[in-house]
Amino acid sequence: MNIASLKLERIGQIKTADVTFGDLTVLVGPQGTGKSIFLQFLKLAADTGYVHDQLRKHGIDWNRSLPEFLDVYLGEGMREIWHNGDSASTVTVDNQLIDATDLAKPLHRSKKASVFYIPAQRVLSLANGWPRPFTAFSSEDPFAVRDFSETFRILMEQELGRTETLFPKTNRLKKEYRDLLSQHVFGGFGLRVDRHGSQKRLVLRHTDTSKPIPYMAWSAGQREFVPLLMGLYWLMPPAKVKRRGEIEWVVIEEPEMGLHPNAISVVLLLVMELLWRGYRVCLSTHSPHVLDVVWALRTIHQRNADTTRLLDVFEVGKTEPLKRLAEEVCKKETRVYYFDRNGLTKDISSLDPGSQDVSEAGWGGLSEFSGRVNDVVASVVNQR
Amino acid sequence: MKFKRAVELTPGVKACYRPGLQALSKNDAKRISCENPRQLTGSINVDHALQSAQPQANRWDYGIGLQRGENETAVWVEVHPASSASISDMLNKLEWLKNWLRSEAPEFRKLTGDGFYWVSTEGPIAITPNSTYAKQLASVGLHGPMRVLNLK
């Protein structure tokens, strides 16, 4: 579903969150300012039919009640974020106010998903090294986590389950990406499907003969990254098609979770690949590294600079496929929104470090601390 | 008026005192903001003043006198394009300025505390606070780059 803008009002911590999407949209802001709620409402607005269909398939009935629906969709207790009466919550898509009760009603809608959502809690999708099915979660767990985990499970069982080596895998991801991931995330280890008794599980293995390293012994970053990698495999099918099914949007919450900056760079290069494939991408982040890339992309775009400079950002070779990727991605529109503590959003897309607006100059708080440290250090150096 | 006195006592810049921000070019003066202009006790264009005496040196742009309560202080402002290509120029200029204060301008040096600022010319500021370049500047006592210096 093509959504140009989404506005939420008076939902949870959000007073007004008004976002016009670019090809790449990044949401920043402190914890508890509503970024995740906003993204989940994007998914809901675009894929109401799909969400209803998936919930029903797994035996969930919310009795057409909006409060009950919000509990099953967003998680237990989340009905409290919705207000009725004079200061009622509202959802507006492309300047059209949605009748909120319709969100809980089984109307005639497409059951296909257009938004692929990779949640912040993606690490919960792997239990003992194998993806959990939808029904293995509690009915009070958020839909985004359950649905992602189910998709991961289906991918493993239907496309990848018979494969022993999941990474590196020659028909998945360009060689440049595989090499970088091997270096910066997996440290030369391979991701394999192994058996522990009769139970399949994902393990890391250095060579064919070395002992497998089970899931609980992986680094935090590896545990966070593997579900993200599987999500990317889903989105980048091995056939010569650029996109999976009807998916138009990719939402990734905190792609940087648990990762060293070198690994974050690789993930962001994969985000560039998603953009090249024609997906619209929406990220939430607490990492200035993510905004560094957005800033570079915007600057190259605005100054009509040589697009291969984008490849310099990632320190990758200027191969023909990557040059084509850079040329295409540098045409994309990027937007950055700051979710502030007052429940409002601010367009800080220019990311100007010299802006008089602190929220823009400090990149929604992501570089503000560094700026303050710099000032303190400079003052200390000048003391006599 | 300690700043004015310091100008008069410093060889090479004796005759260069100007009231307020008048030593700055019009464009550069727009980049300095002060809620109470009376706090600005004067300015000198160091670059012009020492151009003949030190034509090859990495001369700093301006000194500005600032009254803060009962204390008068000197702040030093360089207006320069703000990109990583300018870092080494800025470090050289700051080093020149600090040497000049030490060896030839002791009266100014007495007035100088935490007051070295890089103000950007027109155009983008291409140095982010969490970059190595920004840390390099901080480690030598240089604040900025900033688009407008707000003096209080």
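Let's call a residue buried when 20 or more other C-beta atoms lie within 10 Å of its own. Keep that cut-off in mind, because Leu173(A) has 21 C-beta neighbours inside 10 Å and so counts as buried. One thing to say up front is that what you're looking at is a predicted model.

Leu173(A) has another quirk: its phi is positive, at about 70°, even though this residue is not a glycine. You'll find Leu173(A) in the loop between β9 and α5 of chain A. Stay in that loop for a moment, since Pro168(A) sits there too, between β9 (165-167) and α5 (175-184). The peptide bond joining Phe167(A) to Pro168(A) is cis, with omega at about -5°.

Where else does chain A have a leucine with positive phi? Try Leu351(A), where phi is about 50°. Leu351(A) belongs to the loop between β16 (345-347) and α11 (358-361). Is Leu351(A) buried or exposed? It has 23 other C-beta atoms within 10 Å, so by the cut-off we started with Leu351(A) is buried.

Now zoom out to chain A as a whole. Its secondary structure comes to 12 helices and 16 strands. The radius of gyration of chain A is 21 Å, close to the 21 Å that the globule rule gives for 384 residues, so the chain is as compact as a globular protein of that length. If you draw a box along the principal axes, the C-alpha atoms of chain A fill roughly 70 × 65 × 45 Å. Buried residues make up 42% of the 384 residues, and Leu173(A) is one we've already met. As for contacts in chain A with a separation of 6 or more, 66% of them are between residues 24 or more positions apart.

Next, the place where the chains meet. Here 16 residues of chain A are in contact with 22 residues of chain B. On the chain A side, the elements that give two or more residues are α8 (288-302) and α12 (368-382). Which of them gives the largest share? That's α12(A), with nine residues. Sorted by character, the chain A side has five nonpolar, eight polar and three charged residues.

Finally, hop over to chain B for another cis peptide bond. This one runs from Gly144(B) to Pro145(B), with omega near 5°. While Pro168(A) is in a loop, Pro145(B) is found in a strand, namely β6 (residues 143-146) of chain B.

How values were computed: Residues are numbered from 1 along each chain as its sequence is written. Chains are lettered from A and ligands numbered from 1 in the order in which they are written. This is a predicted model: local features need pLDDT of at least 70, side-chain atom pairs count only at pLDDT 80 or more; totals for chains, interfaces and linings use all residues. Helices (H or I, at least four residues) and strands (E, at least two) are DSSP runs, numbered from the N terminus. The radius of gyration is taken over C-alpha atoms; the globule rule is 2.2 Å times the number of residues to the power 0.38. A residue is buried if 20 or more other C-beta atoms lie within 10 Å of its own, exposed if 12 or fewer, and partly exposed in between; C-beta atoms are placed from the backbone. Two residues are in contact if their C-beta atoms, placed from the backbone, lie within 7 Å. Ala, Val, Leu, Ile, Met, Phe, Trp, Tyr, Cys and Pro count as nonpolar, Asp, Glu, Lys and Arg as charged, and the others, Gly among them, as polar.
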